Structures are given as structure tokens and as C-alpha cells.
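Reader: I want the reasoning behind each label, with the cut-off next to the value. Take me through it.

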Amino acid sequence: MEFQGDYSGGGSSATTRANQKRETAYTYGLFESADPKIDTSLQALAELVRTIVTVDESELLAQISERGIQGLARLRLSDDLPVPDLGDWVALEPAPTRRLTDEEYADYATAKR
Amino acid sequence: MDYLEFQPSKKTNGLSRLKVVLMTLDHAVFWDRVIQPRILRMSDRADRFWSWTFFRTILVLSQQARGRQGIGLVTMLQADNGKAIPAAMSMLIDPYFDFGSAPAWSRDSAFVWFLASAPAEILVSLGVSDPPSLGGVCVDNALVYSVNAGLLGKIGLHCAAAGGQRLFDFYEDKHLIPLPKGDKLPIRRENDGRFFYTDTVSANRILSDNSQDRLGRKLRP
């Protein structure tokens, strides 16, 4: 991966770390390398997250808008991913009208992926 | 506070129903597989190289590592066959710096990180015969999220340079407040004059304006 920099993130609680581990695990397999020399192992993706933390969000928006994830991290979406069926309109669950806790949000994200 | 439930249709005088849902990985993959390849061919779009799957996974994790939440919202429309179709996507950061709070820089705002709506012709091809305009809905969604999260409607965003003057004008038309070029920022990035924000007064005004259309019809439950 191309990013350089020191990891300076927060997120120190055990629960947050557990959620991050779980989410990194399900991220694995979504992407493939756009360059055979680039490592897309779970560990490499976790390293990518750690380095992205060091980049300002608006700067990242600018870089992604200009170069895409292929230019930025030499990743692309895996060709094997099928198009999901998003179900019927009547079954949609509206977004909550209150702030979810970190744990609730992580549970929602992994339960309904 | 409720998210918008209706928007005026473009072709007819009717109202289209919307549902705003939390973004799952399936929404992101659907967008990247079905909608994004067609946006890629549109040279004037700021989002032509984006990947919502990347945002929904890697970037959400990066925010967790910073002790914040990366919140994905999707505005869904109903296709004529009853299927749910994602029509607009947004990724917010909660909490973030309030760009209107210099020099103290309180962290009680939400940052609209990524925001995109599907072009009408793509939605029509997916079976939504008369889609509404959705750009303003995405801004409204961020404001509603901010209110519901206890952030009083305060949001901030950076208007990607790739969107040019057209995107800048869009945010100005939505009555977001531009941060003058050169004004100090609470982040390392230089202020290029393309940052916008809302305070509580402007947020309330925008939300109120958005709650009904020009014919006086209610757009929020």
C-alpha cells in the first residue's frame, strides 16, 4: 500500500478494538490487488487503515476524487462479488432517529451486511 | 427528527416516496457494481472514481481508530416492480470540528465526508420511472442526523475540487455557509475556500424550508 505516516489514532477501548478486528475480517475478500506485487492480506488491509488515519479527511476526499482507490491504494473491488439483492421497498427499515452507540452501529453493520 | 419522506417528482406533479436507511455493505456493493460503472463514464462528476465499498469498510474503520463513527446513509426509492433501489449515498463523520467555532474549535458537529446521488437516467433504467431530485435530500439527511445526534444541526463539508464551480454553487444554493478562503481551519489542510458549514440558525432554516415543497405539500412525516 502506498500511504506513509505514523499511526496516531485513538479508539483505545477493548470493545472498539474487537469491533475493528471483526470489521477488518469481513472486509477481507472484498478487494483484490490492482498490482500483483501489492499485498492484500488481512494484515495489509489493517495496515492500510492505520495509515489512512494519518491523512486529513478532506485531503483523502481530494485524493480519492482524483485518483480513485486504484490510484491511491492499488486496490480494486473483487471481480467475484455478486450484485446483492436489496430486497423489497416495503421491508426497508428506516434509519434510527437517535445516535447509535459504537457497539450498536458495529452490530448493525455486521448483522445486515 | 424525521428524515424526508417525500420529494417532488421531476416529470409529473406528484410526490415520490423516499426511505433513508443506514448503509450496509450490500448497499455499497450494489452501488459499486450497478451504478458506479456508469458514473465512471461521466467526466464532470466529482465521484467518478469513488468506491462506496471502500468507504463503508476501510474508511469506517479508519474513523473508529480515531474514536469517531463513520455513518453511512442511503436514500432509497421504490422501483416500479416494488424493489428497493439506492438513489443517493452519504458518509458522515460523527463527531467532527465545528468550522464555525474558531478559535476554540469545538468538536460538536458532523462532517459530510462523501455524498453522491445517482443520475436520473440510471434510476430510470433501474425501474424508477419518475425519480425526484436528490442532491438536496443528501444535505437534509446530514442535518437531520446532526439534530438527532445532539449536534444541533451543525454540519461541515469540503466541496471536492473535482466538482468545480457547479458543485460549489450547489452548496451555496442550499444555503450552507462558505468559509472564506484563507480563514483558519482546525485541520492541517490549507483552506482553499471550498469549505462549508451550518450553524444552528442556518440548519434550522434549511430544515424548515425543506419540510415542504413550493406547493406547500408536507415532505416530512
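Reader: What phi does B:Gly82 take in the hairpin of β4(B) and β5(B)?

Author: B:Gly82 takes a positive phi near 90°. The hairpin has 5 residues between its strands. Strands here are DSSP runs of E with at least two residues, helices are runs of H or I with at least four residues, and both are numbered from the N terminus. This is a predicted model, in which local features need pLDDT of at least 70, side-chain atom pairs count only at pLDDT 80 or more, and totals for chains, interfaces and linings use all residues. Residues are numbered from 1 along each chain as its sequence is written, chains are lettered from A and ligands numbered from 1 in the order in which they are written, and side-chain values use heavy atoms, with hydrogens and water left out.

Reader: How do you know that β4 and β5 of chain B pair?

Author: Two strands pair if DSSP finds at least two bridges between them. Strand β4 (residues 69–78) and strand β5 (residues 84–96) of chain B have 10 bridges, so they pair, in the antiparallel sense. B:Met91 in β5(B) is the bridge partner of B:Gly72. B:Val74 stands opposite B:Met89 in β5(B).

Reader: What makes β3(B) a partner of β4(B)?

Author: The bridge count again. β3(B) and β4(B) share 4 bridges and run antiparallel. B:Val20 has B:Thr75 in β4(B) as its bridge partner.

Reader: Why is β4(B) called mostly covered?

Author: Buried means under 20% relative accessible area, exposed means over 50%, and partly exposed lies in between (1.4 Å probe, protein chains only). In β4(B), 9 of the 10 residues are buried.

Reader: Which strands stand at the edges of the sheet?

Author: The open sheet has 7 strands in the order β3-β4-β5-β6-β7-β9-β8 (chain B), with mixed pairing. β3 (19–22) and β8 (177–178) of chain B stand at the edges, because each has a single partner strand, and one side of each is left without a neighbour in the sheet.

Reader: What makes the pairing mixed?

Author: Look at β7(B). Strand β6 (residues 109–117) of chain B joins β7(B) through 3 bridges, in parallel. B:Ala110 stands opposite B:Ile155 there. Strand β9 (residues 195–197) of chain B also pairs with β7(B) over 3 bridges, but in the antiparallel sense. B:Phe195 in β9(B) stands opposite B:His158.

Reader: How do you know that both faces of β7(B) are covered?

Author: In strand β7 (residues 155–158), B:Ile155 and B:Leu157 on one side are buried. B:Gly156 and B:His158 on the other side are buried too.

Reader: Which strands does helix α4 of chain B touch?

Author: Contact means heavy atoms within 4.5 Å. Helix α4 (residues 135–148) packs on the sheet and touches β3, β4, β5, β6 and β7 of chain B. Its direction makes about 135° with that of β4(B). Axes are lines fitted to C-alpha atoms, for helices over the stretch in contact, and angles run from 0 to 180 degrees between N-to-C directions. Helix α5 (residues 164–173) of chain B lies across β6, β7, β8 and β9, at about 15° to β9(B).

Reader: Why is B:Ser133 called partly exposed?

Author: Its relative accessible area is 43%, which falls between 20% and 50%, so B:Ser133 is partly exposed. B:Ser133 lies in the loop between α3 (120–125) and α4 of chain B. Beyond its neighbours within four places in sequence, B:Ser133 is in contact with B:Gln7, B:Pro8 and B:Lys10.

Reader: And why is B:Ala161 called exposed?

Author: B:Ala161 has 56%, and over 50% means exposed. B:Ala161 is in the loop between β7 and α5 of chain B.

Reader: How do you know that B:Cys138 is in no disulfide?

Author: A disulfide is a pair of cysteine sulfur atoms within 2.5 Å. The search of the whole structure finds 0 over all chains. For B:Cys138, the nearest cysteine sulfur is that of B:Cys159, 14 Å away, so the pair fails the cut-off. B:Cys138 is buried at 1% relative accessibility, and B:Cys159 is buried at 0%.

Reader: What is the area buried between chain A and chain B?

Author: About 5600 Å², of which carbon and sulfur atoms give 63%. Buried area is the accessible area (1.4 Å probe) that two parts lose on being put together, summed over both. A:Glu57, A:Trp89 and A:Tyr105 supply 17% of the area that chain A buries against chain B, more than any other three residues.
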